[in-house]
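Please open the structure in your viewer and keep the sequence panel beside it, so that you can select residues by number as we go. Each stop on this tour says what to select and then what is there.

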Amino acid sequence: MKPVSYLRARSVEEAAAAHGGREEARYLGGGTNLVDLMKLGVERPEVLVDITRLPLGRVEERPDGSVCVGATVRNSDLAAHPLIRERHPLVSQAVLSGASGQLRNMATTGGNLLQRTRCAYFQDLSKPCNKRVPGSGCAAIDGVNHNHAVLGHSPHCVATNPSDLSVALAAVDAVVELTGPGGHRTVPVTEFHRLPGEHPERDTVIRPGELITGVVLPPLPAGAVSRYRKARERASYAFALASVAAVLQVRDGEIRHVGIAFGGLAHRPWRARRAEAALLGARPGTEAFAQAVHAELDAAQPLRDNAYKVSLARDLATQVLDSLTTSA
Ligand code: SF4
């Protein structure tokens, strides 16, 4: 039995002070990932700072037309909120494609961004894992890796990020708001999650003691349409083999704005900048979409068991972009 001290914070300042940037402290939101990892022995915090009562549970429009989602907004409430459903349907679709109804009722927005990889070796204390124990090795590289990364991986880790929400947020240029010992700061979602490099133990750029207070979604260009689609091994409650979030604005027969992000392919949501650059100013069409996505996925370096992800992601993205053209 390992004793854990528990504090329910009443303000952001109180939460930050209670955490204090200590290695052994964790913020506790819905607990749908953290508590699972504690049961497995992967996470062994000594201090839990409960943030579920902080005043961060609202979805609000800001004067500039952006939508701010508080960090403790539950996934179910986020997916159902009228501002999200009307202005950012891909965000609602992404959230609803993840987990189960019960889990979405508990899981929070901030926690969704911070969830850890579902690499089976990360969760198995008997196996080497650089993410869990730096320097111990990576069991997945020569192990079962059909669901691992094809883009941006390193010899130290080939895990994927499991969040659907983060992929949609990356495609719409959302920004994470943080508070911590160094004050307030903002980080674009596209820069919030890290590639593994030599330090796969760090999933994000979050600093010790920092707390996500919200996520801000800027307004999409007028007339833009968006969609999220996910390929998985069963019809529900499974993590993405590959997923695509896309935003498209077509005017006068030309693509004027495009945002594409992939999930299930890398250690972070993969913003497809190369594909976007190829499509800006082009006439929309299946051939143009397929070529642009192909150019993006040219950088893929599949592992022994997961080459299928490249063609799966290419077809998924082409279909999603095609479908947006017909609804634009
Ligand atoms: Fe650990 Fe990453 Fe290797 Fe999985 S892929 S075993 S998380 S180091």
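## Starting at an arginine

Begin by selecting R256, which counts as partly exposed because its relative accessibility is 33%. Keep in mind throughout the tour that this is a predicted model. Now add E254 to the selection: its side chain meets that of R256 in a salt bridge, with 3.7 Å from N to O. At a relative accessibility of 31%, E254 also counts as partly exposed.

## The sheet of four strands

Next, select residues 254-263, which make up strand β11, together with residues 242-251, which make up strand β10; these two strands run antiparallel and are joined by nine bridges. Within this pair, look for R251, which stands opposite E254 of β11.

Widen the selection to the whole open sheet, in which four strands follow the order β9-β10-β11-β12 with antiparallel pairing. Its edge strands are β9, at residues 225-231, and β12, at residues 270-271, and each of these pairs on one side only.

## Two helices against the sheet

Which strands does helix α5 lie across? Select residues 89-96 to show this helix, and you will find that α5 lies across β9 and β10, running at about 15° to β9. Then select residues 164-171, which form helix α8; this helix packs on the sheet and touches β9, β10, β11 and β12, while its direction makes about 155° with that of β11.

Stay with α8 and colour its residues by accessibility, if your viewer can do so. The helix is mostly covered, since eight of its eight residues are buried. Among them are L165, V167 and L169.

Look at both ends of α8 as well. At its start, a side-chain oxygen of S163 reaches to within 3.4 Å of the backbone nitrogen of L165. Just after the helix, D173 takes a positive phi of about 60°.

## A salt bridge between helix and strand

Select K230 and D164 and show their side chains: the two residues form a salt bridge, and their closest N and O atoms are 2.9 Å apart. Because K230 lies in strand β9 and D164 lies in helix α8, the pair ties together parts that are 66 residues apart in sequence. Are these two residues buried or exposed? K230 is buried, and D164 is buried too.

A search of the whole structure finds 18 salt bridges. For another of these contacts, select R304 and D305, whose side chains meet in a salt bridge with 2.7 Å from N to O. R304 counts as exposed at 57% relative accessibility, whereas D305, with a relative accessible area of 27%, is partly exposed. Then select R26, E43, R116, K131 and D203 together, as these residues are linked in a network of salt bridges.

## Two residues in the loop before α8

Move to the loop between α7, at residues 109-114, and α8, and select H148, which has its place there. H148 is buried, with a relative accessible area of 7%. What is H148 in contact with, once its neighbours within four places in sequence are left aside? Its contacts are C119, A140, V158, A159, T160, G264, L303, N306 and K309.

In the loop between α7 and α8 you can also select Q115, which is buried with a relative accessible area of 13%. A polar contact of 2.8 Å joins its side chain to that of R118. Not counting residues up to four places away in sequence, Q115 touches N33, P162, S163, D203 and F239. Two of these names have come up before: D203 belongs to the network of salt bridges, and S163 has the side-chain oxygen that reaches towards L165 at the start of α8.

## The sheet of five strands

For the last stop, turn to an open sheet of five strands, which has the order β4-β5-β8-β6-β7 and antiparallel pairing. The edge strands here are β4, at residues 59-61, and β7, at residues 183-188, each of which pairs on one side only. From one strand to the next, the twist averages 25°.

Finish by selecting β4 together with strand β5, at residues 67-70: these strands run antiparallel and are joined by three bridges. Where they pair, V59 stands opposite V69 of β5.

Key
Residues numbered from 1 in each chain as written. Predicted model: local features only at pLDDT ≥ 70, side-chain atom pairs only at ≥ 80, totals over all residues. Heavy atoms only, no water. Pairing = 2+ DSSP bridges. Contact = heavy atoms within 4.5 Å. Axes fitted to C-alpha atoms, helices over the stretch in contact; angles between N-to-C directions. Buried < 20%, exposed > 50% of the residue type's maximum accessible area, 1.4 Å probe, protein only. Polar contact = N/O pair within 3.5 Å; in protein donor to acceptor, adjacent residues only side chain to side chain. Salt bridge = Lys/Arg side-chain N within 4 Å of Asp/Glu carboxyl O.
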